[in-house]
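Here is a short note to go with your first look at this structure. The points can be read with the sequence and the 3D view side by side.

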Amino acid sequence: MEFIDEDLNQYCEDHTTPETEVLKKLNRETHANVMMPRMLSGHIQGRTLAMFSQMIRPENILEIGTYTGYSGISLAEGLTENGTLHTIDINDELEDMVRRYFAEAGIKNKVKYHLGNALEIIPTLDVTFDLVFIDADKINYSNYFDLVIDKVRPGGFIIADNVLWSGKVLEKFRKKLDKDTEALLDFNQKIQTDDRVENVLLPIRDGLLVIRKK
Ligand code: SAH
Ligand code: CA
């Protein structure tokens, strides 16, 4: 389900800074050669993440769910001079492609690319994060939040992607309550009632939940 009229969406794209050449190429290559290219953030969401990152100017970013590197490269645009992007993915088949694009985007030396299960890797990171992007398996969104919240500095941000799950969070668009939808419903509700944070759900692409730690 698209949340915004196709023509309006096009108008938004036409009035959003274009993708960088590297991201355009990565977008094309992902669609040509990689399974499930719909998972890639894409033009508007990529620019949104880059814009947030430019606003926050993070020293340390954590991304959970690298995939082909599109969102990571976008988020890295706002890093401080000596800043670091930690990005985690369990799928090592994409490693060569991802490393090639980090190099081409000129961020090779600013990235720590962790291959493995995020549930195991996050506890090993002794870093205070200014910005966390949660975009891996939906089932574990609540676990990822629990694992990162004490590593986020007060005033820092967590952004969670796909929280509208193609509209399936609404009763009328649910065919049956599958595990992913159930997990996202629980996650959104948990954030809404957690006094440690304030949050706003933006209906950008598949839904971005922007969370600020008080
Ligand atoms: N952030 C990317 C898209 C991520 S797609 C973008 O916007 O372009 C989701 C990714 O999460 C997949 O690459 C998948 O391999 C990864 N993933 C799924 N379960 C995981 C886990 N337990 N630990 C780490 N990564 C995981
Ligand atoms: Ca996503």
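**Notes for a first look**

1. A good place to begin is helix α7, residues 141-148, which lies across β1 (60-64), β4 (129-134), β5 (152-161), β6 and β7. The helix runs at about 165 degrees to β5. Please keep in mind throughout that this is a predicted model.

2. What is the order of the strands in the sheet? The order is β3-β2-β1-β4-β5-β7-β6, an open sheet of 7 strands with mixed pairing. At the edges stand β3 (111-115) and β6 (197-202). Each of these has a single partner strand, so one side of each is left without a neighbour in the sheet. On average, and with direction ignored, neighbouring strands of this sheet are turned by 15 degrees against each other.

3. The edge strand β6 is worth following to its partner. It is joined by 6 bridges to β7 (residues 208-213), and the two strands run antiparallel. To find the pairing in the 3D view, start from V200: its bridge partner in β7 is V210.

4. Next come the charged pairs. Side chains of opposite charge can pair when their charged atoms come close. How many salt bridges does a search of the whole structure find? The search finds 12 salt bridges, and the next three points each take up one of them.

5. E21 and K24 meet through their side chains in a salt bridge, with 3.5 Å from N to O. The two residues are 3 residues apart in helix α2 (residues 21-33), which means that about one helical turn separates them. E21 is exposed, because its relative accessibility is 58% and the cut-off for exposed is over 50%. K24 is partly exposed, with a relative accessible area of 31%.

6. The side chains of R100 and E29 also form a salt bridge, here at 2.7 Å from N to O. R100 belongs to helix α5 (residues 95-104) and E29 to helix α2, so this pair ties together parts that are 71 residues apart in sequence. Is E29 buried or exposed? E29 is buried, at 18% relative accessible area, since buried means under 20%. R100 counts as partly exposed, at 38% relative accessibility.

7. For a third pair, return to helix α7. The side chains of D146 and K190 meet in a salt bridge of 2.8 Å, N to O. D146 lies in helix α7, while K190 lies in helix α8 (residues 179-192), so the pair ties together parts that are 44 residues apart in sequence. Both ends are partly exposed: D146 has a relative accessible area of 39%, and K190 has 25% relative accessibility.

8. On the surface, M1, L170 and F173 make a nonpolar patch of about 280 Å². M1 is found in the segment before α1 (6-14). With 49% relative accessibility, M1 counts as partly exposed.

9. Finally, have a look at G78, which is found in the loop between α4 (70-76) and β2 (84-89). Its relative accessibility is 0%, so G78 counts as buried. Which residues is G78 in contact with, leaving aside its neighbours within four places in sequence? They are S53, Q54, R57 and P58. From C-alpha to C-alpha, G78 and P58 are 6.7 Å apart in space, with their positions 20 residues apart in sequence numbering.

Note on methods. Residues are numbered from 1 along each chain as its sequence is written. Chains are lettered from A and ligands numbered from 1 in the order in which they are written. This is a predicted model: local features need pLDDT of at least 70, side-chain atom pairs count only at pLDDT 80 or more; totals for chains, interfaces and linings use all residues. Side-chain values use heavy atoms; hydrogens and water are left out. Two strands pair if DSSP finds at least two bridges between them. Helices (H or I, at least four residues) and strands (E, at least two) are DSSP runs, numbered from the N terminus. Axes are lines fitted to C-alpha atoms, for helices over the stretch in contact, and angles run from 0 to 180 degrees between N-to-C directions. Contact means heavy atoms within 4.5 Å. Patches are made of residues with over 30% relative accessible area and no salt bridge: like charges are joined within 9 Å, nonpolar side chains (Val, Leu, Ile, Met, Phe, Trp, Tyr) within 5 Å. Accessible areas come from the Shrake-Rupley method with a 1.4 Å probe; for residues, only the protein chains shown count as cover. A salt bridge is a side-chain nitrogen of Lys or Arg within 4 Å of a carboxyl oxygen of Asp or Glu. Buried means under 20% relative accessible area, exposed over 50%, partly exposed in between (1.4 Å probe, protein chains only).
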